[in-house]
Amino acid sequence: MSGSKITLLIEKTLYSSDLNPQQNRLSMPSQQVKDKDFLLFTELESLEEKKGIKVKLIQPSLKITELTLIKWFMHKGPESEKVSISYILRSNWVQVAKANNLEKDDVVQV
């Protein structure tokens, strides 16, 4: 796949919301991301402009699935200046979770 920098972004325990088919996304809170410099400058710009980035996920079966990475900015309350940031993998996440029999409280690494 021509990759050059293999990085562990997060090791995370799955919540019900990570497996909810209606939400169809894996949330990765920025405070829990281990490598803050995992994106190129152009990728950061795209995320800041609220554009998604197509990424490839290699599942344990070695099947490659394309997902979309986005960045969510969540304000902590009305008129609050505090913002929580999460990276989100979406688009085909439900299929990945089902194919790998993922359940609440399982630990995943991205």
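Is Met-74 buried, partly exposed or exposed? Select this residue in your viewer to begin the tour, and keep in mind that what you have open is a predicted model, in which local features need pLDDT of at least 70, side-chain atom pairs count only at pLDDT 80 or more, and totals for chains, interfaces and linings use all residues. Residues are numbered from 1 along each chain as its sequence is written, and side-chain values use heavy atoms, with hydrogens and water left out.

**Stop one: Met-74**

Met-74 counts as partly exposed, at 33% relative accessibility, where buried means under 20% relative accessible area, exposed means over 50%, and partly exposed is in between (1.4 Å probe, protein chains only). You will find Met-74 in strand β4, which covers residues 64-75; strands (E, at least two residues) and helices (H or I, at least four) are DSSP runs, numbered from the N terminus. Now add Ser-84 to your selection: Met-74 and Ser-84 are 10 residues apart in sequence, and their C-alpha atoms are 5.0 Å apart in space. If residues up to four places away in sequence are not counted, Met-74 touches Lys-82, Val-83, Ser-84 and Ser-86, a contact being heavy atoms within 4.5 Å.

**Stop two: an aromatic pair**

Select Phe-38 and Tyr-87 next. A search of the whole structure finds one aromatic pair, and the rings of Phe-38 and Tyr-87 have their centres 5.2 Å apart and their planes at 80°, so the pair is edge-to-face. The rule behind this name is that rings of Phe, Tyr and Trp (its six-membered ring) pair if their centres lie within 6.5 Å, with planes under 30 degrees apart counted as stacked, over 60 as edge-to-face and the rest as tilted. Phe-38 lies in the loop between β2 and α2 (41-48), while Tyr-87 lies in strand β5 (residues 83-90), so the pair ties together parts that are 49 residues apart in sequence. Tyr-87 itself counts as buried, at 9% relative accessibility.

**Stop three: Ser-27 and a charged network**

From Tyr-87, move to Ser-27, which lies in strand β2 and is buried, with a relative accessible area of 13%. Leaving out residues up to four places away in sequence, Ser-27 touches Lys-12, Asp-18, Ser-86, Tyr-87 and Ile-88.

Two of these contacts of Ser-27, Lys-12 and Asp-18, are worth selecting together with Arg-25. Asp-18 forms a salt bridge with Lys-12, the closest N and O atoms being 3.0 Å apart, and the side chains of Arg-25 and Asp-18 meet in another, at 3.3 Å from N to O. A salt bridge here is a side-chain nitrogen of Lys or Arg within 4 Å of a carboxyl oxygen of Asp or Glu, and by this rule the count comes to five. How exposed are the partners? Asp-18 counts as buried at 1% relative accessibility, Lys-12 is buried with a relative accessible area of 5%, and Arg-25 counts as buried at 10%. Salt bridges that share partners join Lys-12, Asp-18 and Arg-25 into one network.

For another salt bridge, select Asp-105 and Lys-104, whose side chains meet at 3.6 Å, N to O; Lys-104 counts as partly exposed, at 46% relative accessibility.

**Stop four: Val-108**

Val-108 is found in strand β6 and counts as buried, at 12% relative accessibility. Select Glu-11 as well: the C-alpha atoms of Val-108 and Glu-11 are separated by 5.7 Å, although the two residues are 97 residues apart along the chain. Leaving aside neighbours within four places in sequence, Val-108 is in contact with Ile-10, Glu-11, Lys-12, Leu-14 and Leu-102.

**Stop five: two backbone angles**

Select Asn-24, in the loop between α1 (16-19) and β2, which has a positive phi of about 50° although it is not a glycine. Ser-91, in the loop between β5 and α3, also is not a glycine and has a positive phi, of about 95°; Ser-91 is partly exposed, with a relative accessible area of 38%.
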